[in-house]
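Q: I have a structure to read and do not know where to begin. Can we take it one feature at a time?

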There are 2 protein chains.
Amino acid sequence: MRRTDRLFELIQILRDGRLHKGADMAERLGVSLRTIYRDMDTLIASGLPVEGERGLGYMMTAPITLPPLNLSLTELEALHLGLAVVSKAADDELKAAAQTLSQKVDAVLPEDRAAPASGWGFAVYPFAEAARGFVHMAPLRAAIRSRRKVEIAYAALDGEETKRTIRPLQMEYWGRVWTLTSWCELRQDFRVFRVDRIKTLDVTFDNFEEEPGKTLADYLDRADAE
Amino acid sequence: MRRTDRLFELIQILRDGRLHKGADMAERLGVSLRTIYRDMDTLIASGLPVEGERGLGYMMTAPITLPPLNLSLTELEALHLGLAVVSKAADDELKAAAQTLSQKVDAVLPEDRAAPASGWGFAVYPFAEAARGFVHMAPLRAAIRSRRKVEIAYAALDGEETKRTIRPLQMEYWGRVWTLTSWCELRQDFRVFRVDRIKTLDVTFDNFEEEPGKTLADYLDRADAE
DNA sequence: CCCCAACTGACATAAACCTGTCAGTTGCGT
DNA sequence: ACGCAACTGACAGGTTTATGTCAGTTGGGG
């Protein structure tokens, strides 16, 4: 096996984010342990986020690696604008992530492509209403990802407050507010909630599967038909 | 010179986006033309956006290359959300760029990190008011980048229409509308315009330099003081 | 104190890679 | 039809890199 192929195999092995011993990888790839040590040196030097620890083994520390991407100038502008929006118009976790990603991108751009001193020509100012819902966004994003039911207390326009269990499907950003499209178990129908009007929110340990008639696709189909 | 060093030099030569002949690069780097052909094969195979044309030479087609980036899951979400916003809430050029960049990112993610069938859990819907200004955004972005004065016909809130020459400094996205911060030569002061209320817009060939008292930093300083 | 596995330098040997030369082709524009 | 420069395969020779072995160190946890 050529060395470059073996390096690629090592990345695939490590990608699972688990702990791996050098000796095991050596056996698997049919080379000596010393060679694996040399290979790991090379991968780490090239920036792969892996850590080795004596007595333990190797583990990848950041699970997602984007390979080299070729961008046009407009794509770079779109990237910066998009990250600027998220830096302002989402919850603290997403804000921080957008900021660190923007910094990472700026750090690797060639000097002639880096941000001009005056910035990229964009600024973003979120609506106060949108900002009020931020407190719920991180748990909602996690619930959407892992498909867990959520219990909310919701204050409708008329002030009436209801408690209900929902299946969160998607959040929408309208510029002024964030909304949440869900399947509502109380009403046995789809409902769209203003995120800023959710009073309390608890993510349950109750998972939900895709049920015909209750998925985001069903909701969108119905919306298209109307 | 080692081969890897030469490959790096080739990238630097090509980065200017101009046409380059193999023979010239061979002479410059002190190797045979055949070796340059082998090198170009290697760079193209690795994804460098270069095209060769018989009778002409080589040229780089996309000037910006991001090296491998390691992202957390939240950074990936922020990236997708940001690009989703730009895919909806900006001019056609930026929209297209955001879409192609999003596709590029999705194409290179490992399967377990790619977009779930139901999407990333976000949707974005722009205000119609914001959309009305889109027609002016591409020329404005270009004018901001290259610091060229712009002639606009502007319809203020009371309906009065004025023609004026401005120095575009920055655009702001408020969710509902886009605005443009400029130095107005008619009023000899900073002015903020609603992009959707600009009736006509012409980018001139008149460049402007940074003048003390008339820069974006001056405007922001004044805004902070108020 | 012992165990675990990462981590390192030095050396000899083997393997892989790179280069220049040569002769040839291809596609486009004039 | 010609000129231009990319593009290709084959070959010989030279250079560089990689590998395994060996003996040693380091740091953390139990």
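A: Start with contacts along the chain. In chain A, 56% of the contacts with a separation of 6 or more join residues 24 or more positions apart. Keep in mind that this is a predicted model.

Q: How many helices and strands does chain A have?
A: Chain A holds eight helices and 10 strands.

Q: What share of chain A counts as buried?
A: Buried means under 20% relative accessible area. Of the 226 residues in chain A, 46% fall in that class. The accessible surface of chain A is about 11,700 Å². Carbon and sulfur atoms hold 50% of that surface.

Q: How are two copies of a chain related?
A: In general, a rotation about an axis and a shift along it relate two copies of a chain. Here, a turn of 179° and a shift of 0.1 Å along the axis lay chain B on chain A, with an RMSD of 0.7 Å. That is the relation of a two-fold axis. Both copies use the same surface: 98% of the contact residues of chain B recur in chain A.

Q: Now the DNA. Which residues come nearest to DNA strand C?
A: There are 23 residues around DNA strand C. The nearest are A:Gly22, B:Arg6, B:Thr35, B:Arg38 and B:Arg54. By class, the surface near the strand has four nonpolar, seven polar and 12 charged residues.

Q: Which parts of DNA strand C lie within 4 Å of the protein?
A: Sort the atoms of the strand into two groups. Sugar or phosphate accounts for 56% of those within 4 Å of the protein, and bases for the rest.

Q: Where does the protein reach the bases of DNA strand C?
A: Look for pairs of polar atoms. A polar side-chain atom of B:Arg38 is 2.5 Å from a base oxygen of DNA strand C. The side chain of A:Arg34 has an N or O atom 3.0 Å from a base oxygen. B:Gly55 uses a polar backbone atom, 3.3 Å from a base nitrogen.

Q: Which elements give two or more residues to the surface near DNA strand C?
A: In chain A, they are helix H3 (33-45), strand S1 (50-53) and strand S2 (57-60). In chain B, they are helix H1 (3-14) and helix H3 (33-45). H3(A) gives the most, with four residues.

Q: Let us try a single residue. Is B:His20 buried or exposed?
A: B:His20 is buried, at a relative accessible area of 15%. That value is under the 20% cut-off. B:His20 sits in the loop between H1 and helix H2 (22-29) of chain B.

Q: What does the side chain of B:His20 reach?
A: Its partner is the backbone oxygen of B:Ile13, at 3.2 Å. Beyond four places in sequence, the contacts of B:His20 include B:Leu14, B:Met25, B:Gly57 and B:Tyr58.

How values were computed
Residues numbered from 1 in each chain as written. Chains lettered and ligands numbered in written order. Predicted model: local features only at pLDDT ≥ 70, side-chain atom pairs only at ≥ 80, totals over all residues. Heavy atoms only, no water. Near = heavy atom within 4 Å. Polar contact = N/O pair within 3.5 Å; in protein donor to acceptor, adjacent residues only side chain to side chain. Nonpolar A, V, L, I, M, F, W, Y, C, P; charged D, E, K, R; others polar. Least-squares fit on C-alpha atoms with pLDDT ≥ 70 in both. Contact = heavy atoms within 4.5 Å. Buried < 20%, exposed > 50% of the residue type's maximum accessible area, 1.4 Å probe, protein only. Areas by Shrake-Rupley, 256 points an atom, 1.4 Å probe, with all protein chains shown as cover.
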